[in-house]
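Okay, my turn, and I'll keep it short. Have a look at this while I talk, and stop me if something is unclear.

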Amino acid sequence: KDDLAYSRHPLAFLMEAADDIAYRMIDFEDGIRLDLIDFDKPYTLYINKKAKKEKDSTQIIKISPEQILIEIASIDNNFDYNEVDGKSDKDRLVYLRGVVINTLIHETFKTYSDNYDLIMKGEFNLSLLDAVTESKISSNLFLMRSLIELKVYNYIPVLENEAAGFDVLGSLINDFAITANICISCGDEETAKQRKIRSLLPLEYQPEKEIVNQVVDFNEKYKRVLQILDFVSGMTDGYAIDKYKKIHGIEISS
């Protein structure tokens, strides 16, 4: 049998690192701007440390969000907190955000370079951000994520929106993916609703005409499903919610 195993493309690690850095910082900054996280307040956080020959130990740390960012930024030799010390929370956050992102970019690229041979062999299975060896980065990224999970991800309106999102996205994918399995030339018939839903697809996402052999083979159906996923994943939150409401009769256009 053919070996269907595959390895991630080397550049996928860099794309993932870019996403990890951007979203971690954006979520942290959003939490601060929305007053879910107090920029100056020292929080009591916990780090579980695992040693090879020792029992797991829990380290208790009291640290402010600002200090977390300073700890990471201090790795950059050009970092000078005197530039913003005494300024507003917003100005300090903006400055620290830029230095932290720059620091994380350089450190993840260093990790990529250090593990290049393993990556090219398909033997590297960690995200670059998780594989950074600099302890200041790994420990403070853990603290940052802990605060985000505690104060942002568990914020009731966020949980409600996320729960609703499963239904919205799932329903849209299901509604539009039905058209991917229809083979008109094979004798399948669209219902009036299915035809209307298919008509809502932009031209570039419409199922292609069944010309070759007058059937829809597996590869064509697979391609159609990918097009549907591209269409739905490209929707903004507002557009997806609006489309979901209208298709399901929750909101009717006048």
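So, start with Ser146, which sits in helix H6, residues 135-153. Keep in mind that this is a predicted model. Is Ser146 buried or exposed? It's buried, because its relative accessible area is 16% and the cut-off for buried is under 20%. And what does the side chain do in there? It reaches the backbone oxygen of Phe142, at 2.9 Å.

Now for a residue at the other end of the accessibility scale. Asp35 has a relative accessibility of 69%, so it counts as exposed, the bar for that being over 50%. Where is Asp35 in the chain? You'll find Asp35 in the loop that runs between helix H1, 10-33, and strand S1, 43-49. If you like checking backbone torsions, look at its phi: Asp35 comes out near 65 degrees, which is a positive value, and this is a residue other than glycine.

Next, helix H2, residues 65-73. That one is mostly covered, with seven of its nine residues buried. Which ones are they? Going along the helix, the buried residues are Pro65, Glu66, Ile68, Leu69, Ile70, Ile72 and Ala73. Yes, there's a glutamate in that list, Glu66.

Okay, zooming out to the whole chain. We have ten helices and two strands. Reading along the sequence, you get one α, then β-β, and from there on it's α through to the end of the pattern.

What about the overall dimensions? For 254 residues, a compact globule would have a radius of gyration near 18 Å, but this chain has 24 Å. If you're thinking about setting up a box, the C-alpha atoms fill one of roughly 70 × 55 × 40 Å along the principal axes.

On burial for the chain as a whole, buried residues make up 34% of the 254. The exposed surface is about 16700 Å², and carbon and sulfur atoms supply 52% of that.

Contacts, then. Take the ones between residues at least 6 apart in sequence: 64% of those join residues at least 24 apart.

Last item, charges. The chain has 31 positive and 44 negative ones. How far apart are their mean positions? Just work from the two averages: they lie 3 Å from each other.

That's what I had, so over to you.

How values were computed: Residues are numbered from 1 along each chain as its sequence is written. This is a predicted model: local features need pLDDT of at least 70, side-chain atom pairs count only at pLDDT 80 or more; totals for chains, interfaces and linings use all residues. Side-chain values use heavy atoms; hydrogens and water are left out. Buried means under 20% relative accessible area, exposed over 50%, partly exposed in between (1.4 Å probe, protein chains only). Helices (H or I, at least four residues) and strands (E, at least two) are DSSP runs, numbered from the N terminus. The radius of gyration is taken over C-alpha atoms; the globule rule is 2.2 Å times the number of residues to the power 0.38. Contact means heavy atoms within 4.5 Å. Accessible areas come from the Shrake-Rupley method with a 1.4 Å probe; for residues, only the protein chains shown count as cover. Lys and Arg count as positive and Asp and Glu as negative; His and the chain ends are not counted. The place of a charge is taken as NZ of Lys, CZ of Arg, CG of Asp or CD of Glu. A polar contact is a pair of N or O atoms within 3.5 Å; within protein, one must be able to donate a hydrogen and the other to accept it, and residues adjacent in sequence count only if both atoms are side-chain atoms.
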